[in-house]
Amino acid sequence: MADKKWMPRWFYQLASPRWCYQITGKLLPWFAVAALVLLVGGSVWALAFAPADYQQGNSFRIIYLHVPSAILAQSAYMLMAVAGAIGLIWKMKVADMVLKSAAPIGASMAVLALATGAIWGKPTWGSWWVWDARLTSMLILFFLYLGVMALNSAIENESTAAQASAVLALVGLVNIPIIKYSVEWWNTLHQPATFKLTEKPAMPVEMWLPLLVMVIGFYCFFAVSLMQRLRNEIIWRERRTGWVRELLDKQ
Amino acid sequence: MNMHTNPRQQASEGMAGLFMATCRREFLLSFRRKSDLVNPLIFFLMVATLFPLGVSPESGFLAQLAPGVVWVAALLATLLSMDALFRSDYEDGSLEQLLLSPQPLFVVALAKVIAHWMMTGLALTLMAPLLGVMLFLPAEGMPGLMLSLLLGTPTLSLIGAIGAALTVGLKKGGVLISLLVLPLYIPVLIFGSSAVQATVTGLPLGGYLALLGALLALALALAPLAISAALRISISS
Amino acid sequence: MVVGNTRLLHSGGKLSLTVVGQSVYNGVLIHYRPVACFLKGLRVSEPLLEVQKLFSERDDRVLFSQLSFTLNAGEIVQIEGQNGSGKTTLLRILSGLSRNYEGAIYWRGEPVAEVREQYCRELLYFGHQAGVKAVLTPEENLRWYAALSPLMDAAGIMEALQQVGLRGFEDVPCHSLSAGQNRRVSLARLYLSRAPLWILDEPFTAIDKRGVAAKERLLLEHARRGGSVLLTTHHELGIQGPVRKINLDQLAGTSV
């Protein structure tokens with residue numbers, strides 16, 4: 001790992017759990033404040049001030065939850081797979097921990113996207129579940145998350161578990177575009193000309209600006225929860241080392 | 001490092017020899033343990049029998065269902081047979097010996113998967129018309145059914161082998177492997193059953209087969225690498 | 001054994017011999033980098049395998065740390081230790097199967113990860129499980145091993161089966177052989193292999209007295225030809241020769 005020094009210095013510093021613990025400790029409050037401000041501000045803006053949809057009325061406002069959670073579910077998978085690749089190539093412990101920490105957050109984002117999609121579907125389509133291409137892809141993404149989490153918890157040895165989940169996450173990453181394409185194609189084959197939820201022909205600025213705020217807020221929230229989980233994981237795995245003992249003694 | 005003792009030609013001959021030796025060994029193993037060979041086929045037949053019993057024996061209705069049912073049954077039968085792919089090698093220690101061979105691991109992995117496919121996927125493909133008849137699939141659909149299975153089942157075997165390699169060190173890998181692999185099977189299922197439907201309705205088949213072929217090419221290129229990485233990881237614990 | 005030009009160098013008052021070229025091991029040409037060999041009496045020995053500061057743990061328990069030793073050509077090293085002291089783990093690490101360790105392992109002076117293919121070529125590993133397929137016959141099993149390893153000669157299979165006392169059983173499926181006979185099938189690989197390094201994990205389990213004596217002679221013969229052996233066994237070795245013992249119970253936490 002250390003003999004090929006063509007990556008920037010911070011990359012190698014990230015490999016040290018101790019350094020990672022300290023830097024996330026410093027970043028955490030900033031992201032927490034940003035997440036709180038953006039999410040509260042964005043929700044108030046979205047629910048109270050953004051105009052109602054001319055077709056769907058107020059029920060469309062659930063997209064302010066649905067879209068950010070769907071975007072986050074996909075980003076979290078990307079992050080997980082990239083962390084897995086880094087862990088496999090550079091044998092970096094912290095990357096293994098990021099993979100393990102990101103999976104449950106991504107999975108819960110996928111659940112949130114599915115739940116809000118179902119709630120939205122009831123007034124729009126008249127049923128809780130419709131085999132819409134986007135919802136189906138999200139369901140499969142959720143299954144992929146479950147697979148990674150199940151494999152990670154089934155293997156007892158921590159580093160083996162991390163490497164195996166990394167391989168699975170990478171295989172999933174290759175498959176995601178294929179799955180997305182095949183499901184969309186299947187959907188047009190079976191349900192031509194259904195009413196598409198998120199592909200608005202033109203969303204006015206007053207509508208998408210609060211959405212943008214919410215998306216950024218969700219990213220900040222994701223960063224906060226990821227760092228929290230990562231710090232827990234670091235403390236747990238490094239519990240026998242001197243610096244963690246010192247830290248625990250101080251408290 | 002000096003490694004000029006072995007000309008490249010000699011190495012590639014060694015690889016081809018290993019590939020053939022592995023295939024021969026796998027065939028021998030399955031023919032001596034016939035249950036491994038026959039069980040997935042019986043399972044395939046039984047799953048297809050459940051649908052008329054569970055839904056309706058009405059011929060028009062079943063004919064509509066047939067492409068999907070045959071494909072889902074073939075997919076599950078392949079999945080069922082996947083767990084045994086590396087398990088017996090793991091248990092008797094031959095997998096360790098395989099990993100310590102100087103020959104590239106992906107050659108052996110690929111040989112094992114291909115031999116496995118010939119004994120499950122190919123057999124399922126040959127048996128599929130029988131199920132088609134049972135489910136009143138129109139005769140025009142048969143070529144589509146067989147061709148799509150012929151191109152689709154190797155992909156299923158390749159992807160399934162990744163799951164088998166990841167779970168080989170675990171005592172209860174059977175359920176876990178389906179959890180890992182089933183979501184990855186979805187594109188093959190979609191294109192495969194659509195191909196059958198297209199031939200039933202008289203639409204051209206070429207596009208679907210091209211898509212299935214593209215998936216197979218991708219799986220052939222990438223899966224052996226993932227399988228060998230997964231085997232090394234599973235053994236190292 | 002050593003072919004090529006040798007030079008005597010005088011450096012710092014110490015006389016050392018540098019060997020440049022190639023060595024021939026049983027007809028197989030093995031190239032290596034210039035290796036500095038120190039003159040010890042009349043014997044020139046080069047470290048085949050070198051282990052530096054090896055550390056491994058299992059379930060929060062340190063098995064060994066700072067474990068360093070070298071294995072020279074022509075040497076037999078027996079790893080000793082109680083059950084659970086990490087003998088099998090050590091052999092799995094050295095064979096390259098397990099990667100859960102810290103420290104450095106060198107093969108002929110090169111980091112083992114960089115010469116993986118050559119290392120695998122020159123290694124014969126005998127693990128806890130015999131690696132014998134129950135539904136195949138001894139001959140079919142050995143043929144498969146011959147295909148796996150270039151340093152194994154398929155032509156000698158019958159001869160090897162004769163040596164391990166399985167002549168006449170070559171066409172019997174292994175599931176109808178006894179446990180000891182199954183291990184003998186796997187041990188027949190020792191007669192076929194021309195690999196210089198043998199790593200053997202409990203090779204004598206379930207083998208009768210006469211079989212053990214024959215295997216011990218084989219190990220000694222291998223060492224005489226310039227090969228080396230790393231093994232674990234609960235059995236007291238009756239070999240009179242270059243056997244060194246490394247005790248993991250004593251070594252844990254110390255360096256040699």
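## Sheets, helices and a chain contact

Let's start in chain C, where β6-β5-β8-β9 is the strand order of an open, four-stranded sheet with antiparallel pairing. At its edges stand β6 (61–72) and β9 (110–111) of chain C, and since each has a single partner strand, one side of each is left without a neighbour in the sheet. Keep in mind that this is a predicted model.

Within that sheet, β5(C), residues 47–58, runs antiparallel to β6(C), and eight bridges join the two. The pair forms a hairpin with two residues between the strands, and Asp59(C) in the turn has a positive phi of about 45°. To get your bearings along the ladder, look for Ser56(C), which stands opposite Phe64(C) of β6(C), and for Val51(C), which faces Phe69(C) of β6(C).

Chain C has a parallel sheet too: five strands, open, in the order β10-β11-β12-β7-β13. Here β10 (123–126) and β13 (243–247) of chain C take the edge positions, and because each has a single partner strand, one side of each is left without a neighbour in the sheet. On average, neighbouring strands of this sheet are turned by 15° against each other, direction ignored. One of its pairings is β7(C), residues 76–80, with β13(C), which is parallel and runs over five bridges.

The table collects residues that stand opposite each other in the strand pairs just described.

| Residue | Opposite residue | Strand of the opposite residue |
|---|---|---|
| Ser56(C) | Phe64(C) | β6(C) |
| Val51(C) | Phe69(C) | β6(C) |
| Gln78(C) | Lys245(C) | β13(C) |

So what lies across the parallel strands? Helix α1 of chain C (residues 87–95) lies across β7, β10, β11 (197–201) and β12 (228–232) of chain C, and runs at about 150° to β11(C).

Now for the contact between chains. Chain C puts in 32 residues and chain B 26 residues. On the chain C side, β3 (28–40), α2 (116–121), β10 and α3 (138–148) each supply at least two residues. Helix α3(C) has the largest share of that side, with five residues. Sorted by class, the chain C side that touches chain B has 15 nonpolar, eleven polar and six charged residues.

Leu148(C) is worth a closer look here. This leucine sits in helix α3 of chain C. Is Leu148(C) buried or exposed? Leu148(C) counts as buried, because 22 other C-beta atoms lie within 10 Å and the cut-off for buried is 20 or more. Leaving out residues up to four places away in sequence, Leu148(C) touches Leu18(B), Gln97(B), Leu98(B), Ser101(B) and Gln103(B). His234(C), by contrast, is 86 residues from Leu148(C) in sequence and 30 Å from it in space, C-alpha to C-alpha.

Over in chain B, there's a helix pair to look at. Helix α7(B), residues 121–134, packs with helix α8(B), residues 141–167, at an angle of about 150°, and their axes are 9 Å apart. That angle makes α7(B) roughly antiparallel to α8(B), and the crossing is right-handed. From α7(B), the residues making the contact include Leu124(B), Ala128(B) and Pro129(B), while α8(B) brings, among others, Met142(B), Leu145(B), Leu149(B) and Leu156(B). By class, this helix contact has ten nonpolar, six polar and no charged residues.

Conventions. Residues are numbered from 1 along each chain as its sequence is written. Chains are lettered from A and ligands numbered from 1 in the order in which they are written. This is a predicted model: local features need pLDDT of at least 70, side-chain atom pairs count only at pLDDT 80 or more; totals for chains, interfaces and linings use all residues. Two strands pair if DSSP finds at least two bridges between them. Axes are lines fitted to C-alpha atoms, for helices over the stretch in contact, and angles run from 0 to 180 degrees between N-to-C directions. Two residues are in contact if their C-beta atoms, placed from the backbone, lie within 7 Å. Ala, Val, Leu, Ile, Met, Phe, Trp, Tyr, Cys and Pro count as nonpolar, Asp, Glu, Lys and Arg as charged, and the others, Gly among them, as polar. Angles under 35 degrees count as roughly parallel, over 145 as roughly antiparallel, 65 to 115 as roughly perpendicular and the rest as oblique. A crossing is left-handed if the near helix is turned anticlockwise from the far one by less than a right angle, and right-handed if clockwise. A residue is buried if 20 or more other C-beta atoms lie within 10 Å of its own, exposed if 12 or fewer, and partly exposed in between; C-beta atoms are placed from the backbone.
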